[in-house]
Amino acid sequence: MIREATEQDAEAITAIFNYYIRDTVITFEEDEINTGHFIERFNKVKRSGFSWLVAVDDGDVIGFAYSSKWIERAAYRNTAEVSVYLAHTVTSKGWGTKLYNALFSTLREKSIHIALGGITLPNPASVALHEKFGMEKVAHFKQVGYKFGEWLDVGYWQVQLNAHP
């Protein structure tokens, strides 16, 4: 099941995200977050009119996806950045696709013109997920992040969702 996230999901979402902070280069964050920090992020996304969704399986939150402002300037108001994270135990089981299907649907309803996703490279699974939604690579930034003793590249993928705001 995919549904809107609530503050009650904070503990599960925090645990999922902290795995990626602690054990991967998927996110460039280096310090684990607590549930209070998550709730602040969640509320900021909601206040800005964007969506934060969770995937629930057998009553457990196993993943999340959200959209947010790409850049704060007014001219970017019809562009959103998208992100998806799954519990590392449930990857490659279709949950990322389900979350993005629901998230992209909410973005289309909000008349978002462009959705952007940033991916630490290499990451073939994430690239495949984004390209499954018609997203195409539009930028490649070399060695812009440094984590776990290595320089990392980031690529950006985008897709047009609506022709007009």
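Is D9 buried or exposed? D9 is buried, because its relative accessible area is 6%, under the 20% cut-off. This is a predicted model.

**D9 and its surroundings**

D9 sits in the loop between β1 (2–4) and α1. Its contacts, leaving aside neighbours within four places in sequence, are R3, E4, F38, V54 and V61. One of these, F38, also takes part in the meeting of α1 and α2.

**The helix pair**

Two packed helices are described by the angle between their axes and the distance between the axes. Helix α1 covers residues 10–23, and helix α2 covers residues 35–47. Their axes come within 9 Å. They cross at roughly 100°. Angles of 65 to 115 degrees count as roughly perpendicular, so α1 and α2 are roughly perpendicular to each other.

Which residues meet here? From α1 come A10, E11, I13, T14 and F17. From α2 come T35, F38, I39 and R41.

**The loop between the helices**

E30 lies in the loop between α1 and α2. E30 is exposed, because its relative accessible area is 52% and the cut-off is over 50%. Not counting residues up to four places away in sequence, E30 touches I21, Y146 and K147. Y146 and K147 belong to the 136–147 stretch of strand β6. How far apart are E30 and D153 in space? The C-alpha to C-alpha distance is 16 Å, with their positions 123 residues apart in sequence.

**Two strand residues**

S68 is in strand β3, residues 60–69. S68 counts as buried, because its relative accessibility is 18%. S68 touches V45, F50, T79, A80 and E81, again not counting residues up to four places away in sequence. V45 falls within residues 35–47, the span of helix α2.

F141 is in strand β6, residues 136–147. F141 counts as partly exposed, because its relative accessibility is 41%. F141 also belongs to a nonpolar patch on the surface, together with F28 and V144. The accessible area of the three together is about 260 Å².

**Accessibility side by side**

| Residue | Place | Relative accessibility | Class |
|---|---|---|---|
| D9 | loop between β1 and α1 | 6% | buried |
| S68 | strand β3 | 18% | buried |
| F141 | strand β6 | 41% | partly exposed |
| E30 | loop between α1 and α2 | 52% | exposed |

Key: Residues are numbered from 1 along each chain as its sequence is written. This is a predicted model: local features need pLDDT of at least 70, side-chain atom pairs count only at pLDDT 80 or more; totals for chains, interfaces and linings use all residues. Side-chain values use heavy atoms; hydrogens and water are left out. Patches are made of residues with over 30% relative accessible area and no salt bridge: like charges are joined within 9 Å, nonpolar side chains (Val, Leu, Ile, Met, Phe, Trp, Tyr) within 5 Å. Accessible areas come from the Shrake-Rupley method with a 1.4 Å probe; for residues, only the protein chains shown count as cover. A salt bridge is a side-chain nitrogen of Lys or Arg within 4 Å of a carboxyl oxygen of Asp or Glu. Helices (H or I, at least four residues) and strands (E, at least two) are DSSP runs, numbered from the N terminus. Buried means under 20% relative accessible area, exposed over 50%, partly exposed in between (1.4 Å probe, protein chains only). Axes are lines fitted to C-alpha atoms, for helices over the stretch in contact, and angles run from 0 to 180 degrees between N-to-C directions. Angles under 35 degrees count as roughly parallel, over 145 as roughly antiparallel, 65 to 115 as roughly perpendicular and the rest as oblique. Contact means heavy atoms within 4.5 Å.
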